[in-house]
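I sat down with this entry to look up how the two chains meet. My notes follow in the order in which I checked things.

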2 protein chains.
Amino acid sequence: MDSNLPITPCPQVCDGDLPLDCLPCGPRNKGHCFGPNICCGEELGCYLGTSETLRCQEENFLPTPCESGRKACGEDGASCAAPGICCSSEGCVFDSSCNQEMLFA
Amino acid sequence: MDSNLPITPCPQVCDGDLPLDCLPCGPRNKGHCFGPNICCGEELGCYLGTSETLRCQEENFLPTPCESGRKACGEDGASCAAPGICCSSEGCVFDSSCNQEMLFA
């Protein structure tokens with residue numbers, strides 16, 4: 001991707017479009033934030049309230065909502081966050097429905 | 001503690017005694033395992049399915065059950081695992097009842 005391309009926030013009328021990915025985080029920036037205190041990546045697993053999640057605090061200041069994970073799991077809008085792990089911004093649980101590879105964009 | 005002291009496994013008749021602490025894990029071994037895939041520490045936060053939890057796989061081979069955390073929280077035998085985080089071996093959720101300091105031995 002051309003790093004000179006401007007990042008245009010999604011306007012309020014774009015319901016149905018793909019939302020912005022959440023902030024990258026974790027070792028080698030291979031993860032994405034799931035809320036302000038969780039960082040997960042397909043090759044990483046998940047970090048809750050660790051030094052790897054400090055970057056995710058910035059999510060509190062994003063102008064538009066972001067979305068991490070593509071496949072829904074569990075309850076309350078959670079999604080598969082890493083192999084075998086289902087997360088919302090409230091926490092993460094092991095979930096075999098997230099075991100399949102390539103669940104994550 | 002005298003590092004020459006032998007570690008004696010708890011015999012089966014010791015119901016009611018304090019169970020063994022679970023295995024140490026994580027950066028500087030400052031955490032304890034919560035089941036085979038979770039490592040949490042008061043100064044660390046929690047790791048789920050990350051490289052920091054690999055040591056915890058050994059819990060599957062412990063001769064007697066171990067116990068991490070002292071204060072019960074949430075459901076299903078979960079306990080406070082790090083400031084503001086409640087874990088069982090199934091996963092971790094943010095829980096304000098775990099916010100108080102010095103919850104952990």
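Which residue of strand 5 of chain B stands opposite Cys46(A)? I looked it up, and the partner is Leu48(B). I note here that the model is predicted.

I then followed the pairing of strand 5 across the interface. Strand 5 of chain A runs antiparallel to strand 5 (residues 45–48) of chain B, and 3 bridges join them. In this pairing Tyr47(A) faces Tyr47(B).

Within chain A, I checked what else strand 5 pairs with. Strand 4 (residues 38–41) and strand 5 (residues 45–48) of chain A are antiparallel over 4 bridges. They make a hairpin, with 3 residues between them. Tyr47(A) is also the bridge partner of Cys39(A).

Next I looked at the symmetry. A turn of 180° with a shift of 0.0 Å along the axis lays chain A on chain B at an RMSD of 0.0 Å. The copies are therefore related as by a two-fold rotation axis. Tyr47(A) has the C-alpha nearest that axis in chain A, at 2.4 Å. Both copies use the same surface, since 100% of the contact residues of chain A recur in chain B.

Last came the interface totals. Each chain gives 18 residues to the contact. The two chains bury about 1,200 Å² between them, with 60% of it on carbon and sulfur atoms. Leu48(A), Glu90(A) and Phe94(A) supply 43% of the area that chain A buries against chain B, more than any other three residues. I found 0 salt bridges across the interface, but 5 residue pairs in polar contact. On the side of chain A that touches chain B, I counted 9 nonpolar, 7 polar and 2 charged residues.

Key
Residues numbered from 1 in each chain as written. Chains lettered and ligands numbered in written order. Predicted model: local features only at pLDDT ≥ 70, side-chain atom pairs only at ≥ 80, totals over all residues. Heavy atoms only, no water. Least-squares fit on C-alpha atoms with pLDDT ≥ 70 in both. Contact = heavy atoms within 4.5 Å. Pairing = 2+ DSSP bridges. Helix = DSSP H or I, 4+ residues; strand = E, 2+ residues; numbered from the N terminus. Buried area = accessible area lost by both parts, 1.4 Å probe. Salt bridge = Lys/Arg side-chain N within 4 Å of Asp/Glu carboxyl O. Polar contact = N/O pair within 3.5 Å; in protein donor to acceptor, adjacent residues only side chain to side chain. Nonpolar A, V, L, I, M, F, W, Y, C, P; charged D, E, K, R; others polar.
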